[in-house]
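Take a look at the structure below and get ready for a short tour. We'll start at a metal site, move on to a bound ligand, and finish with some loops.

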Amino acid sequence: MKNKSLSPTLSKKKGEKTQCHFNNNRINSIVYCLLSISLFSCQPPAEQQSEEKKIVVIKINAPDFNPDSAYVYVKTQVDFGPRIPGSKAHEKCADFMSQKLKSLGWEVIVQKATATTFDTKKYAMKNIIGSYNTQSGKRILLCAHWDTRPFADRDSVDTDKPINGANDGASGVGVLLEVARMITTLKPKIGVDIILFDLEDYGQPHESKFPEQEDTWCLGTQYWAKNLHKPGYFAEYAILLDMVGAKNATFPMEGTSMYYAPSVVEKVWNVAAKIGYSNYFIPDKTGETTDDHLYVNALAHIPCIDIVNYNPITRDYPPFHHRHSDNLDLVDKQTLKAVGQTLLELVYSEN
Ligand code: AHN
Ligand code: ZN
């Protein structure tokens, strides 16, 4: 990807000062750009010749992702109770997320529809769509699902009861709300959209009395991809967060992401490595999974990757997946930080 912010500097004349707008945030990354400045008109005297090559330093300033703030956003959601379709907690959480984005000055569209689940039930569905800098044609899309699974079908007890979804649901939203807050604080030039998808996690369990059906997961995303919130909506690329809050999480290069958007995977993993998060963003390649990004790719044709907690050795999601142990106790601020800071670095390097 070209870094457009480099180009204005090329027109600067020798001796001119480079304007850099630094704020008090930690400088996360530095791009060194070696400029060879040629003087065409005349040959300078010998002592000036040594100054002909100048190093112009352009600093890409990403703000600091605050994991304490992200954690509060995660806890706020969990405190509503399981955000399962049709529940009061689901309604309250939708309001919380849209109000939060609005209060940050983002344009918010709540995309509403009725979804039919594998068990023939009908639910009100809400995709929460926030847009920053709607005027920009260059946009990136960040997304996560916000609903929680209504059954703990991988647990050994209370399998028909809903999970808390601190990791599976709340963590991705928590990270994205903090990213939104930072974008409002230190405004990048590009456009950013955040979509919080509903009804991702109502997929048909392996053991089910209903006939086996296709595409029962990711109902909010499927609806959005077939009914874009703005006609012709497009983003250069998209990043999905799913289960990004657990201690010592590993995010391998997931198969569906590698199939549709290998260059986006490479870019994100490189950014994570550059700021020291290779222990989370591991280079292992894993099989293709079904998640919201599948439909963003296949139906909306936006290259989308999934940052998802998956174990390449067990070839499974973590042990608390769709179990009652997916609660606030497993949420770790260091993991939230690794994911959130990586996203911010990426957004501000596109600037
Ligand atoms: C399937 O189990 C087919 N997909 C899992 C996607 C998912 C559920 N991510 C979080 N919860
Ligand atoms: Zn789930």
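Asp 201 is buried, because its relative accessible area is just 1%, and buried means under 20%. Keep in mind that this is a predicted model, so every value here is computed from predicted coordinates.

What does Asp 201 do in this model? Asp 201 is one of the residues that coordinate the zinc ion (ligand 2). The full set of donors is Asp 168 (OD), Asp 201 (OD), Asp 201 (OD) and His 322 (NE2), at 1.9 to 2.4 Å. Notice that Asp 201 turns up twice in that list. Written along the chain, the donors of the zinc ion (ligand 2) have the spacing D-x32-D-x120-H. The pair Asp 201 and His 322 links distant parts of the chain, 121 residues apart. To find them, look for Asp 201 in the loop between β6 (191-197) and α6 (219-226), and for His 322 in the loop between β10 (304-308) and α10 (333-349).

Is His 322 buried or exposed? His 322 counts as buried because its relative accessible area is 4%, and the cut-off for buried is under 20%.

Now for the other ligand. Where does ligand 1 sit? Ligand 1 is found in the largest pocket. The residues around ligand 1 are Asp 168, Glu 200, Asp 201, Trp 217, Asp 242, Met 243, Thr 290, Asp 291, Tyr 317, His 321 and His 322. Some of these names should ring a bell: Asp 168, Asp 201 and His 322 are around ligand 1 and also coordinate the zinc ion (ligand 2).

Nitrogen atoms of ligand 1 come up in several polar contacts, listed here.

| Residue | Part of the residue | Distance to a nitrogen atom of ligand 1 |
|---|---|---|
| Glu 200 | N or O atom in the side chain | 3.3 Å |
| Asp 201 | polar side-chain atom | 3.1 Å |
| Thr 290 | backbone N or O atom | 3.1 Å |

How much of ligand 1 does the protein bury? Taken alone, ligand 1 exposes 320 Å², and the protein buries 84% of that.

Back to the loop between β6 and α6, which also holds Thr 216. Thr 216 has a relative accessibility of 8%, so this residue counts as buried. The side chain of Thr 216 reaches the backbone nitrogen of Gln 204, at a distance of 2.9 Å.

Next, a bit of backbone geometry. Most residues other than glycine have a negative phi. With that in mind, check out Asp 158, where phi is positive, near 45 degrees. You'll find Asp 158 in the loop between β5 (139-145) and α5 (166-185). Asp 158 counts as partly exposed because its relative accessibility is 41%, a value that falls between the 20% and 50% cut-offs.

His 301 also has a positive phi, near 60 degrees. His 301 is in the loop between α9 (292-298) and β10. Is His 301 buried or exposed? At 57% relative accessibility, His 301 is exposed, because exposed means over 50%.

The loop between α9 and β10 is home to Ile 302 as well. Ile 302 is buried, with a relative accessible area of 1%. How far apart are Ile 302 and Leu 141 in space? Their C-alpha atoms are 9.0 Å apart, while the two residues are 161 residues apart in sequence.

You can do the same exercise with Asn 133, in the loop between β4 (122-132) and β5. The C-alpha atoms of Asn 133 and Thr 184 are separated by 9.9 Å, and along the chain these residues are 51 residues apart. Asn 133 is partly exposed, because its relative accessible area is 27%.

Last stop: Ala 261, in the loop between α7 (255-260) and α8 (262-274). Ala 261 has a relative accessibility of 3%, so it counts as buried. From the C-alpha atom of Ala 261 to that of Asn 297 is 8.4 Å, with the two residues 36 residues apart along the chain.

Terms used: Residues are numbered from 1 along each chain as its sequence is written. Chains are lettered from A and ligands numbered from 1 in the order in which they are written. This is a predicted model: local features need pLDDT of at least 70, side-chain atom pairs count only at pLDDT 80 or more; totals for chains, interfaces and linings use all residues. Side-chain values use heavy atoms; hydrogens and water are left out. Donors are N, O and S atoms within 2.8 Å of the metal (3.2 Å for Na, K and Ca); water is not among the atoms, so sites may look incomplete. Helices (H or I, at least four residues) and strands (E, at least two) are DSSP runs, numbered from the N terminus. Buried means under 20% relative accessible area, exposed over 50%, partly exposed in between (1.4 Å probe, protein chains only). A residue is near a molecule or strand if one of its heavy atoms lies within 4 Å of it. A polar contact is a pair of N or O atoms within 3.5 Å; within protein, one must be able to donate a hydrogen and the other to accept it, and residues adjacent in sequence count only if both atoms are side-chain atoms. Accessible areas come from the Shrake-Rupley method with a 1.4 Å probe; for residues, only the protein chains shown count as cover. On a 1 Å grid over the protein atoms alone, a cavity is a set of points where a 1.4 Å probe fits but cannot get out, and a pocket is an open set with protein on both sides within 12 Å along at least five of seven lines; lining residues have an atom within 4 Å of a point. A molecule sits in a cavity or pocket if more than half of its atoms lie within 2 Å of its grid points.
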